[in-house]
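Let's take a walk through a protein model together, starting with its empty spaces and then turning to rings, charges and a few odd spots. Keep the structure open beside you as you read.

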Amino acid sequence: MNFTYMHLDLQTLLMCLFLWQSFTVLLIVVYRLRYAQEQTSSLFITAKYLQLAALILLLLKDFMDSPLSLPIIALLALAGGTLESLALLMLLRVFGSKVERYYSILFGVSILVVVLMYLLMPEDPLVIPVACLAGVLIIAYPAYILCLKVMETSLQIIMGLLYCIVILSLAGRALEPLYSVLGIDTQVSQFLYVFFYLGIYLYMFLGTAGIMLLYREDSFAEMERVATYDELTGILNRRSFVLRARPLIAASAMKKLPYSFLLLDVDHFKSINDNYGHNTGDQVLTDLASKIEQQLGHGDLIGRFGGEEFAVLLHRADEKSSDVIAEGMRTAVIGSMIHGVPLHYTISIGVITIESGERFSLNNLYKLCDNALYQAKKKGRNCVVRSYEI
């Protein structure tokens with residue numbers, strides 16, 4: 001392909017970018033009128049304002065005829081890119097004091113270098129290459145997080161790869177003062193020039209549609225988490241436990257493998273709430289859930305059925321092994337520390353094991369186990385009682 005004949009109308013391109021950014025800002029502002037504002041979205045919209053201001057100045061640059069316009073445009077673009085990267089890192093939940101310090105130093109150094117380049121060499125157009133180099137450093141960390149560190153979804157990986165393309169386009173423009181030294185001919189330099197503006201287009205796209213899709217993806221993940229897990233303890237809620245337990249019971253029955261169902265609760269839990277407060281009671285439930293999880297094997301399930309009642313499915317445990325696990329749960333909570341203070345709570349456990357390969361409904365298992373748990377309470381609590389009623 002002969003790049004000598006490629007023509008790029010800069011004003012048309014800038015106008016397209018301006019319209020894209022203007023409509024993006026308009027839609028985000030209208031959206032924020034209805035929904036609560038939080039730090040991530042505030043940084044994001046501020047970044048869009050700054051980028052829009054830079055585009056407006058670029059469009060008016062020929063009419064202003066001011067030598068200060070170029071460094072101001074560069075600084076506005078860098079400020080917008082910095083805030084957008086911070087918003088993206090917050091969305092990915094990797095934002096912290098070190099990241100904040102890195103971007104503060106990077107932006108401060110970028111301002112200093114751009115200003116020095118302008119003051120020392122006002123006639124030499126080094127401001128844009130320097131700004132592009134700073135842009136590479138600004139985008140590099142989000143690209144690394146998306147491509148190599150987080151990698152939770154296909155969307156994140158694809159966005160990371162696209163950010164890498166943006167980085168390459170900026171790097172090509174940053175090297176412009178060295179084209180003659182590197183022996184880059186006119187055709188290649190023309191290609192790098194076109195590639196740079198395509199990279200800017202791609203960056204604008206990622207900064208709008210890409211981040212909006214990430215917001216959407218994050219919202220769905222949060223809704224799924226709320227619908228699946230108990231908010232206090234972080235384990236499965238009752239509905240999710242039932243949905244996951246049924247296929248495990250069916251698979252164990254089909255393969256004629258044993259499985260055990262346990263029902264347990266905290267002894268005298270009302271007294272704990274009355275004597276120590278509901279916050280301590282919540283800490284007891286969280287402590288119990290954590291200690292039970294430590295006793296479980298791969299594929300076993302634990303769920304909170306409500307209040308202080310928990311259910312456990314040991315999907316391949318026979319009577320002997322389930323007795324050992326249940327007893328381990330009972331003894332694990334003895335001598336617990338809540339808020340650094342010993343709080344000696346105990347639990348009672350009802351157990352039932354199916355070794356015949358029969359498939360029982362979870363509702364029947366619950367009723368039989370609940371009766372065994374009731375017997376454990378009658379025996380004085382802090383014990384394990386097995387049900388043999390099948």
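To look for empty space, a 1 Å grid is laid over the protein atoms alone: a pocket is an open set of points with protein on both sides within 12 Å along at least five of seven lines, while a cavity is a set of points where a 1.4 Å probe fits but cannot get out, and lining residues have an atom within 4 Å of a point. Grid points are joined across faces, edges and corners, and a volume is the space filled by probe spheres set on the points. Before we go in, note that this is a predicted model, in which local features need pLDDT of at least 70 and side-chain atom pairs count only at pLDDT 80 or more, while totals for chains, interfaces and linings use all residues. Residues are numbered from 1 along each chain as its sequence is written, and side-chain values use heavy atoms, with hydrogens and water left out.

Start with the largest pocket, which has a volume of about 840 Å³. Its lining takes in 35 residues, and those nearest the centre are Leu 58, Ala 77, Ile 128, Phe 196 and Ile 200. Which helices build this wall? At least two lining residues each come from α1 (10-34), α2 (39-64), α3 (69-91), α5 (127-150), α6 (154-174) and α8 (186-228). Those labels follow DSSP runs, numbered from the N terminus: helices are H or I runs of at least four residues, and strands are E runs of at least two. The biggest contributor to the pocket lining is α5, with seven residues. As for chemistry, the lining splits into 27 nonpolar, four polar and four charged residues. In that tally, Ala, Val, Leu, Ile, Met, Phe, Trp, Tyr, Cys and Pro are nonpolar, Asp, Glu, Lys and Arg are charged, and the others, Gly among them, are polar.

Now for space that is closed off. There is one cavity of 30 Å³ or more, and the largest cavity holds about 30 Å³. Around this cavity you'll find Glu 84, Ser 85, Leu 88, Ile 139, Pro 142, Tyr 163 and Tyr 203. Both α3 and α5 supply at least two of its lining residues, with α3 giving the largest share, three residues. Sorted by type, the cavity lining has five nonpolar residues, one polar and one charged.

Let's go back to Phe 196, one of the residues nearest the centre of the largest pocket. A pair of aromatic rings is described by the distance of the centres and the angle of the planes. Here, rings of Phe, Tyr and Trp (its six-membered ring) pair if their centres lie within 6.5 Å; planes under 30 degrees apart are stacked, over 60 edge-to-face, and the rest tilted. The whole structure has nine aromatic pairs. One of them joins Phe 196 to Tyr 197 edge-to-face, with 4.9 Å between centres and 70° between planes. Phe 196 is buried at 8% relative accessibility, and Tyr 197 is buried too, at 12% (buried means under 20% relative accessible area, exposed over 50%, partly exposed in between, using a 1.4 Å probe and protein chains only).

Phe 196 also has a charged partner: the charged end of Arg 173 sits over its ring, 5.4 Å from the centre. That label requires NZ of Lys or CZ of Arg within 6 Å of the ring centre and within 35 degrees of the ring normal. Elsewhere, Arg 238 lies over the face of Tyr 366, at 5.2 Å from the ring centre. Tyr 366 also belongs to a cluster, linked by ring pairs, with Phe 241, Phe 261 and Phe 305.

What about the cysteines? A disulfide is a covalent bond between the sulfur atoms of two cysteines. With a cut-off of 2.5 Å between the sulfur atoms, the structure holds zero disulfides. For Cys 147, the nearest cysteine sulfur, that of Cys 164, is 4.1 Å away. Cys 147 is buried, with a relative accessible area of 13%. Cys 383 is unbonded because its sulfur is 13 Å from the closest cysteine sulfur, in Cys 369, too far for a bond. Cys 383 is buried as well, at 14% relative accessibility.

Finish in the loops. Arg 93 isn't a glycine, yet has a positive phi of about 60°. You'll find Arg 93 in the loop between α3 and α4 (97-120), where it is exposed at 57% relative accessible area. Asn 382 has a positive phi too, of about 55°; Asn 382 is in the loop between α13 (362-378) and β8 (384-386), and is partly exposed at 28%.
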